[in-house]
Amino acid sequence: MAQALESKEHAMAQDAPLPPIRSARPAQTRALMARTGLDEARIEALVRRFYDKVRADPELGPIFAARISDWEPHLARMVDFWSSVALMTGRYHGAPVPRHMGLGARWAHFARWLELFRETAAETCPPEGAAFVVERAERIARSLHMAIEDAGRPAGAAPRL
C-alpha cells in the first residue's frame with residue numbers, strides 16, 4: 001500500500017508544472033556594469049582598438065595575419081567573448097584553448113599581448129573597469145600559455161609551473 005501511494009505521488013509530481021527558472025545573470029551583469037563602468041559599447045571599443053594595435057604590432061600582427069583574413073567575424077566573436085568575461089552575459093560559446101594551439105606562441109607573445117591590452121584598457125575604460133578586464137586578461141593569458149605548454153610536453157612529463 002505504501003508503495004502504491006509513493007508511486008501515485010511520484011506521478012503527480014511529474015505532472016505538476018515546473019516553476020520558471022530565473023537566471024541571476026542579468027542582475028549580475030547590471031551589478032558589474034554599475035561597479036566597473038563597463039557596458040557593451042565600451043567592450044566593443046576596447047576590443048576594436050585593441051585588435052587595431054595587435055594588427056599593427058610587429059610581433060603579434062604576423063601571427064594574426066597568418067590566420068585571420070576576414071576580421072569582422074573575429075572581432076564580433078571577441079566582443080562576445082569579452083562581454084561574457086567582463087559582464088557575464090553568456091554571449092560567447094566557444095573553446096579558446098584549441099584555437100590557440102599550434103600558433104607557436106611563447107610567453108613573450110602573451111606578454112606583448114598583455115602590454116597592448118593593458119594600454120588599451122586604460123585608454124578606453126574607467127579605472128575600475130580597466131583593472132577588472134586586465135585582471136581577467138592576465139588570467140586568460142596565463143591559462144592559455146599553460147595549456148599550450150602542457151600540450152607540447154612529452155606524455156608523462158610533469159608540467160612546468
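**Note on a predicted all-helix model**

1. Confidence. The protein averages a pLDDT of 86, and 82% of its residues score at least 70. The model is a predicted one, and its confidence varies along the chain: helix α1 (residues 2–15) has the lowest, at a mean of 55, while α3 has the highest, at 98. A reader new to the structure may wish to keep these two values for α1 and α3 in mind.

2. Overall organisation. The protein holds eight helices and zero strands. In sequence order, the pattern reads α-α-α-α-α-α-α-α. Among contacts between residues at least 6 apart in sequence, 75% join residues at least 24 apart. Of the 161 residues, 35% count as buried.

3. The nonpolar core. In soluble globular proteins, nonpolar side chains tend to be buried together. Here the largest nonpolar core has 38 residues, and the members touching the most others are Val 47, Tyr 51, Trp 82, Trp 113 and Phe 117. Two or more residues of this core come from each of α3 (40–56), α5 (71–87), α7 (107–124) and α8 (127–151). The greatest contribution is that of α8, with nine residues.

4. The pairing of α3 and α5. How closely do the axes of α3 and α5 approach, and at what angle do they cross? They come within 9 Å and cross at roughly 130°. Because of that angle, α3 is oblique to α5. The crossing in which α3 passes α5 is right-handed.

5. Residues at this interface. From α3, the residues that meet α5 are Glu 40, Ile 43, Glu 44, Val 47, Arg 48, Tyr 51 and Arg 55. Their counterparts in α5 are Trp 71, Glu 72, His 74, Leu 75, Met 78, Val 79, Trp 82, Ser 83, Ala 86 and Leu 87.

6. Val 47 in detail. Which residues does Val 47 touch, leaving aside those up to four places away in sequence? They are Leu 75, Met 78, Val 79 and Trp 82. These four also appear among the α5 residues that meet α3. Val 47 and Trp 82 are both listed among the core members that touch the most others.

7. Arg 99. This residue is found in helix α6 (residues 96–100). Is Arg 99 buried or exposed? Its relative accessibility is 60%, so Arg 99 counts as exposed, the cut-off being over 50%. Arg 99 and Leu 144 are 45 residues apart in sequence, and their C-alpha atoms are 9.9 Å apart in space.

How values were computed: Residues numbered from 1 in each chain as written. Predicted model: local features only at pLDDT ≥ 70, side-chain atom pairs only at ≥ 80, totals over all residues. Heavy atoms only, no water. Core = buried A, V, L, I, M, F, W, Y, C linked by side-chain atoms within 4.5 Å. Buried < 20%, exposed > 50% of the residue type's maximum accessible area, 1.4 Å probe, protein only. Contact = heavy atoms within 4.5 Å. pLDDT = per-residue confidence, 0-100. Axes fitted to C-alpha atoms, helices over the stretch in contact; angles between N-to-C directions. Parallel < 35°, antiparallel > 145°, perpendicular 65-115°, else oblique. Left-handed = near helix turned anticlockwise from the far one by under 90°.
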